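Thank you all for making time this morning. I would like to walk you through one model, strand by strand, and then dwell on a few of its side chains.

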Amino acid sequence: FIQFQPRQTEETLITEKEEPTSSTELTFDFTFHVTHDAVVVLQLESIGGTVNARADGRFQLLYNSNNGLNLYGNLSLHSGDVKISLLNAVNTKFTMNPGGSINFDGPLENMTVNLSAYKSSKTTLTNILPDADITGSVDVNAIIRLSGPLMQRIEPTFSFDLPNSSSTTRDLFYSAIDTMNTENVTKQFA
């Protein structure tokens, strides 16, 4: 510890002693380039599920002992699956649609996810559309969407698609199901 002081005269010879201060600060700054072969796993504890996705992108991890941990960047989700427990009983696996993302914007509380996934099946529509002239089984995709902050409870939204049906059949189907009542839609998925 070296301290330089101005030249003192006898009149100003009284000096104050400064105590040395420790200002140890730890800082990390990493930039990650994530390639298509990386697998990202997200635990969705609030809804009892997990996301396993192939992703790519770039994000920066900054840590400073004074400011804490911050992440910045974006990961694009290309493929994978979403597993959730519906009605706390039925474990359901959905196939992820390409185009989802995980965004990092500072503290972990700001991390967001935006993705959709589907589960395909074949079924008859006679229970839902008893008066319609639809015979045989049709392809039905149950679709789940997750969007919002990862550190908070994400409320999944559900919808259906009839990918190989006529527009008339789809219109009849959509008018017969109640997609506004979350509890009914969740039961239809389970």
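Let me begin with a question about one side chain: is F30 buried, partly exposed or exposed? Before I answer, please keep in mind that what you see is a predicted model, and that every value I quote is computed from it. The answer is that F30 is partly exposed, because its relative accessible area is 40%, and partly exposed covers the range between under 20%, which is buried, and over 50%, which is exposed. F30 also forms an aromatic pair with F32, and this pair is tilted, with 6.2 Å from centre to centre and 40 degrees between the planes. F32 itself counts as partly exposed, at 34% relative accessibility.

On to the other ring beside F30. The structure holds seven aromatic pairs. In one of them, the rings of F28 and F30 have their centres 5.8 Å apart and their planes at 15 degrees, so this pair is stacked, given that planes under 30 degrees apart count as stacked. F28, with a relative accessible area of 35%, is partly exposed too. If we follow the ring pairs further, they link F28, F30, F32, F59, Y63 and F104 into a cluster.

Next, I would like to turn to Q60, which is found in strand β2 and is partly exposed, with a relative accessible area of 25%. Which residues does Q60 contact, once its neighbours within four places in sequence are left aside? They are D29, F30, T31, N70, L71 and Y72, and with D29 there is a polar contact of 2.8 Å between the two side chains. Q60 also lies 8.6 Å from F104, C-alpha to C-alpha, although the two residues are 44 apart in sequence.

Let me now place these residues among the strands. Strand β1, residues 27–44, runs antiparallel to strand β2, residues 49–64, and 15 bridges join them; one of the bridge partners is T50 in β2, which stands across from Q43. The hairpin of β1 and β2 has four residues between the strands, and there G48 takes a positive phi near 65 degrees.

Further along the chain, strand β5, residues 100–106, pairs with strand β6, residues 112–123, in the antiparallel sense over three bridges, and a hairpin of five residues joins the two. N103 has T112 in β6 as its bridge partner. Strand β6 in turn runs antiparallel to strand β7, residues 138–149, with twelve bridges between them, and in this pairing V113 stands opposite G148.

Finally, what lies in the interior? The largest nonpolar core has 37 residues, and those with the most contacts inside it are V51, L75, V82, I102, L115, L146 and L150. At least two residues of this core come from each of β1, β2, β3, β4, β5, β6, β7 and β8. To take one of these core residues as an example, L115 touches V51, L77, V82, M96, G100, I144, R145 and L146, if we do not count residues up to four places away in sequence.

Note on methods: Residues numbered from 1 in each chain as written. Predicted model: local features only at pLDDT ≥ 70, side-chain atom pairs only at ≥ 80, totals over all residues. Heavy atoms only, no water. Pairing = 2+ DSSP bridges. Core = buried A, V, L, I, M, F, W, Y, C linked by side-chain atoms within 4.5 Å. Buried < 20%, exposed > 50% of the residue type's maximum accessible area, 1.4 Å probe, protein only. Contact = heavy atoms within 4.5 Å. Phe/Tyr/Trp six-rings, centres within 6.5 Å; stacked < 30°, edge-to-face > 60°. Polar contact = N/O pair within 3.5 Å; in protein donor to acceptor, adjacent residues only side chain to side chain.
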